[in-house]
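Please work through the exercises below with the structure beside you, and try each task before you read its solution.

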Amino acid sequence: MDMHGRGIRYSSVLHEGLSSVFYCWLRVKRSTEVEEEFVACRPEDFWKFTGEERSYTNFVARFVKPRGVVTVSLRSRQAFNFGVFELRTELPRFPEGPMLWFGFEADDLFGGGVLHFMWRSSEGRLYAFVGSSSARAEMELTPIIGADLSSGHHHFKIVYRRGLALWYVDGFLRALAILGAGDVCDAAILYSSKPYAVGCVRDPPAAELPILLDIDGGDTSKEYVWKGIHPWGLRVFNGDPELPLFLDLYLENTDTRLRGSVVEDRVVSAPFPGTLSEKELWFEASSSGRLIVESFEGDRWSTYAILNVKKNEPHNLKIKDRALMYRTVFEPEEKAVVREARVFMR
C-alpha cells in the first residue's frame, strides 16, 4: 500500500486498521544469555479503541504495556518531511511507572534523530527532546507550563521546519530548538524559563521522520494502561520547511505578552531565535524611549542596535546579522502602554 503523502488521521485508521498505519514491536527481557529481544507484533493487540464517547470527543480507548514487557512501540509506516504532529490525550501518573514518548523518531536509541515529547509518568514531568544519537537537548517543560498535565485532556503539537523546531502545549509555544550541524556534535539549553525554553543542537534530526508512540520502562512486573489516547486525537502531515513565524515578544520569565502591557521602568523581553535569514522587529509604545536590541554572543548579551522610540509611532527594524538569539530592552521615558511588540522570521 502506498502511504506517501496521506498523513495520519482517524478516517484512515477507522477504515483500514492500525496495522495499515503503524508497525509495532515489543522489547522483552529474556532469562537466557540474551538479555532482551525485539519482537514484532500487531498494534491492534496493544492500542485498543472504540467509536464510543463518554462525552463529546472523550473516546473509550487504551494503550497497554503488559507485564513482562519493557517497551511497546508503535512507529508509523510513513515518514514525514518537516512534519507537523498533533496529539490530544490524557497523561497518566504511575508510581515507579514508565515513560511515554510521542512525536517524531526514526528508530530506537535516537538513531536518525528525534523531535518528541517525553512524559515521565512516575514524576508527572514533561520534556521536549531534540537531536540525534550523538547529541540532544532535553528541555524540561513542567516548570514553564506550571499546570498539572495529568488532569484531563491536553493538546500537544510539534512543528518542524528547516533550521527550527517548535513544541506547543494547549496552544502555547513552550519550547524552541535551533537546529544545525557543526564541527562537533553537541547540544545546549540556551534559555529555560517562561514563556518557552530555547535549545540548540549541532546534530540535527533527519528532514524526513516517522512518528512514534511508546510506553517504555517502569516496573516490568506490572501492567500499565495509558487511557484517553485515541486515534481520533492524532493527526500528522508533511509541513512547510520555509514556514514563516510570527512571535509575540514576552516579558522575560513570564507568560505576559509585551504587547498590551503597561510598563513604567526598564523591561526585558524573553529571547527569540536569531539564525533564520529574515528577522523583522515591530514595535510601538504610547511613550517615547529607547528600544535596545541585544544579541547573544557566546555566553553573554551584547548591544546590537538602539532605536529612539517616538510616542505612538510604529517602528520596524530588520535584523540582518545572525546570532543564536536576540532580545529587546525597552526604557520608556514615562509610563507607557506597549501597543506592538512582535517579530517576523523566515
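The exercises that follow concern a predicted model, and they go from the whole chain to its nonpolar cores.

**Exercise 1.** Describe the secondary structure of the protein and decide how compact the protein is for its length.

*Solution.* Begin with the secondary structure, which consists of two helices and 30 strands. Next, take the radius of gyration, which is 22 Å, and set it beside the 20 Å that the globule rule gives for 346 residues. The two values are close, so the protein is as compact as a globular protein of that length. Finally, look at the C-alpha trace, which spans about 70 × 50 × 40 Å along its principal axes.

**Exercise 2.** Find what share of the residues is buried and what share of the exposed area comes from carbon and sulfur atoms.

*Solution.* First, recall that a residue is buried when its relative accessible area is under 20%; of the 346 residues, 52% meet this condition. Then turn to the surface, where the protein exposes about 15300 Å², with carbon and sulfur atoms supplying 47% of that area.

**Exercise 3.** Locate the largest nonpolar core and follow the contacts of Phe-63.

*Solution.* The largest nonpolar core has 53 residues, and Phe-63 is among those with the most contacts inside it, as are Phe-22 and Trp-167. Strand β1, residues 22-29, gives this core its largest share, four residues. Leaving out residues up to four places away in sequence, Phe-63 touches residues including Phe-46, Trp-47, Leu-213 and Trp-226. Apart from this core lies another, of 40 residues, which includes Leu-251 and Ala-336.

Terms used:
Residues numbered from 1 in each chain as written. Predicted model: local features only at pLDDT ≥ 70, side-chain atom pairs only at ≥ 80, totals over all residues. Heavy atoms only, no water. Rg over C-alpha atoms; globule rule 2.2 N^0.38 Å. Buried < 20%, exposed > 50% of the residue type's maximum accessible area, 1.4 Å probe, protein only. Areas by Shrake-Rupley, 256 points an atom, 1.4 Å probe, with all protein chains shown as cover. Core = buried A, V, L, I, M, F, W, Y, C linked by side-chain atoms within 4.5 Å. Contact = heavy atoms within 4.5 Å.
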